[in-house]
Amino acid sequence: MTTAQKETLGFQSEAKQLLHLMIHSLYSNKEIFLRELVSNANDAIDKLRFELLSNTELASVTEELRIRIDVDGDAKTVTITDNGIGMTRDEAISHLGTIAKSGTAQFLDSLTGDQKQDSQLIGQFGVGFYSTFIVADKVVVESRSAKAAKEEAVRWTSEGEAEFEVETIEREEAGTSVTLYLKSDEAEFADGWRIRNIVKKYADHVSVPVVMKQMATEEDKEPEDEVVNSAKALWTRSRSDVSEDEYKEFYKLVSHDFQDPLKWSHNRVEGKLDYTSLLYIPSKASFDLYQRESPRGVKLYVQRVFIMDDAEQFLPLYLRFIRGIVDSNDLSLNVSREILQKDPAIDSMRSALTKRSLDMIEKLADDEEKYQVFWDEFGQVLKEGPAEDFGNREKVAGLLRFATTESASATQNQSLKAYIERMKPEQDKVYYVAAENYHMAANSPHLEIFRKKGLEVILFHDRIDEWLVSHLAEFDGKQFQDVAKGELDLGDLQDTEEKQHQEETEEEFKGLVEKISKLLEENVEEVRMTHRLTESPACLVVSEDDMGMQMRRVLESAGQAVPENKRIFELNPDHPLVQKLNDESDSDRFNDLARVLYDQAQLAEGSQLNEPATYVARLNKLLLELSK
Ligand code: ADP
C-alpha cells in the first residue's frame, strides 16, 4: 500500500500562524494543554458512544471506555490515550493540519502582537490540540478509527513548526494516543503528582474515568491502575455538592473558553418532562458571535449519553452566546436534528430554558460591574430579542441598557425601569432621539426643550436601536416617542402661559411661514413655528407616521430603496435669526438666509447636503455683508 509510505506535509498557513502564536502567547497558561487533550479524548469517547447506538458493527468495542495518562520521567514524555472514535489517516491530516473554523482569517487579522491581549483572543478562539506545543517540542499522535482495520492506523508526528509527517501503522486498539516529548525546561510535567493535580483541577468532572498508574507502591511490585478523577458527570450531582471552582472548570471544559464564566444556572426539572440543564454566561463574546454560520446552542445529552454539539433548537438566536449542556431523560437516544425540529417537547424545553437564561441575566444585573461586562459583550445580541421573541419582549426590554441625557458618557447605561422611575409625574411617554453616533444624539437640536424642562431622553446611537424600538412600541405601559417626529405635544408638561405664547407667535409669524413655504415648496412638506427649540434657529422633523431619519439612513446604507418623504421645517420664533428673517424686506437676502437656515437644520442632525458648495457660497455672501 503506497499510503503506508511516510509523507511530509505542510500545515495550512492559518494553522501555522496559530501554532506560532499559541507557543508564544500562552506561556503563562501552559498547563491547559492537559485540559485540551482530556477534553478531546472525552469528545472522542462521546462520539464513539453515540456511534454505538446505531452502528452494531462497532459492537466489538467491549472494553470499558476510558482515558489513560502515562508519564515517563526518564524519557520526559506524557501520553494521553483514549479508546474513543479515533481518526483515519485522512482525518488526522485534515483535523490536525488545518483549522476548519469559520472566521479563522478574521480572527488572525484581529491579533495585535501584544501578548497579553492576544492570549485572551486565542482563548476566545479556542486553543485545542495545538496547545501541546507550548510544552512539547515534538508530538506524536497514533490513532485508529473505530471504523477501520488495525492495519489502517496512522502515526502523525510534528515538531510544531511548518510541517508534519504521517505514516500508516498497525494498532490493536481503536482510539488515539497523543505523546508529548517535553521541552527540556518543561520536564516538571513528567511527574505523576503534577499531572494528577492538573487532572483534578481541570478534568475531575468529565464523565469518563481518567486512569493512571499508582504512584507509591512497594518495591518490585508492578504498580496498578487507579482512577484519578471522580468520573461523574458534573450536572448529575446536586447543586449543593458542586463548588464554584468545579462549575467554573466544567465551563472551561465544555466551552473551550479559558476565562471564568460570569454566571451559571444549574437546574433539574421533573414532572411532565424530565431533564437537567446547566447554562453559562461567558465573560467574553466568542469572536464569531456575529457570523451567521457560526455554531451555537448547547451540548445535548440523553440519559448521560452525548448526542450532539451545538443543539440550536433549545435556545433562541438572540441567546446564542449561552453555553452549557442539556441532558434529557425523555428523548430517544437516536434523536436527530430533524426530529428535534418537530418534537413538541422541545418547544416547551426551549421556552423553559429561554426563561431560565433570561432570569439568570436578570440576576446578573444585580451586580452592576459584572452586568457592564455582560452588556459590553452581548448587549447588541440581546437587542435582537424583542423582534425574535415576541412573548418575552417585555422581559428582554427590562434587560436592555441605553445611554440617556442623564448619562455622563456613551457607556454609562441606564435601564428602562430606571428611566421610568425618574419620569416627571406629568410625563406619559418614554422620549428618545436616534442618531448616527452618541455625540450626534447627545447634541441633537431636538433635545433643547427637553433639557430646558429637565426631561430625560434616551439617546439611541446603535444602528439597531430604532428598529428595536419599532418592535417594542412600549415598556411598562409607556409608549416610546421619537422627539424628532410629529408635532411636539408635551401634554401636561406645558403650562397655560406657554400655550398662550405659542398661539400668539403663530399669529405673529404667519406671513413668514407662508413666504418660506413658497420658497422651499420643492424641499419640504410643511413649514411651521415650533417651541421645541431654545437655542437653534430651526430643525427638521418627520411626520408622525413616517420612518425615522436614522432608520432611513441605515436602510439606505444597506442598499434598500426607501421612498422619498418630504419633512417638516420648524422655526424657533425666539431666535434672533428667525426674527431677522421675519423683518427682512430684501427678497434676495431673505432667500439666502432662509435657505442657509434650512441647510443648517440638515447639518445639525447629521444629514448630508445635496449641494454643500451652494450652502458655503450663500453663507459666505451673508458673512461678507456682515462685515460691510
Ligand atoms: P477542537 O477540539 O476545538 O475541534 P482541536 O484542535 O483540539 O480542536 O482538535 C481538532 C480536531 O482533531 C478535533 O475536532 C477532532 O476531530 C480531532 N481530534 C483531536 N483529538 C482527538 C482524539 N483524541 N480522538 C479523535 N479525534 C481527535
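**A tour of the salt bridges**

Begin with the whole protein chain in cartoon view, where the secondary structure comes to 22 helices and 23 strands, both being DSSP runs numbered from the N terminus, with at least four residues for a helix (H or I) and at least two for a strand (E). This is a predicted model, in which local features need pLDDT of at least 70 and side-chain atom pairs count only at pLDDT 80 or more, while totals for chains, interfaces and linings use all residues. Residues are numbered from 1 along each chain as its sequence is written, and side-chain values use heavy atoms, with hydrogens and water left out.

Along its principal axes the C-alpha trace spans about 115 × 55 × 40 Å.

Next, consider the charged side chains: the structure holds 47 salt bridges, each a side-chain nitrogen of Lys or Arg within 4 Å of a carboxyl oxygen of Asp or Glu.

Select Arg-155 and Glu-142, which form a salt bridge with their closest N and O atoms 2.8 Å apart. Arg-155 belongs to strand E5 (residues 153-158) and Glu-142 to strand E4 (residues 136-144), so the pair ties together parts that are 13 residues apart in sequence.

Now move to helix H7 (residues 244-255), where Glu-249 and Lys-252 both lie, 3 residues apart, about one turn of the helix. Their salt bridge has its closest N and O atoms 3.7 Å apart. Glu-249 is buried, with a relative accessible area of 10%, where buried means under 20%, exposed over 50% and partly exposed in between (1.4 Å probe, protein chains only).

Finally, add Glu-244, Lys-248 and Asp-260 to the selection, since these residues are linked with Glu-249 and Lys-252 in a network of salt bridges.
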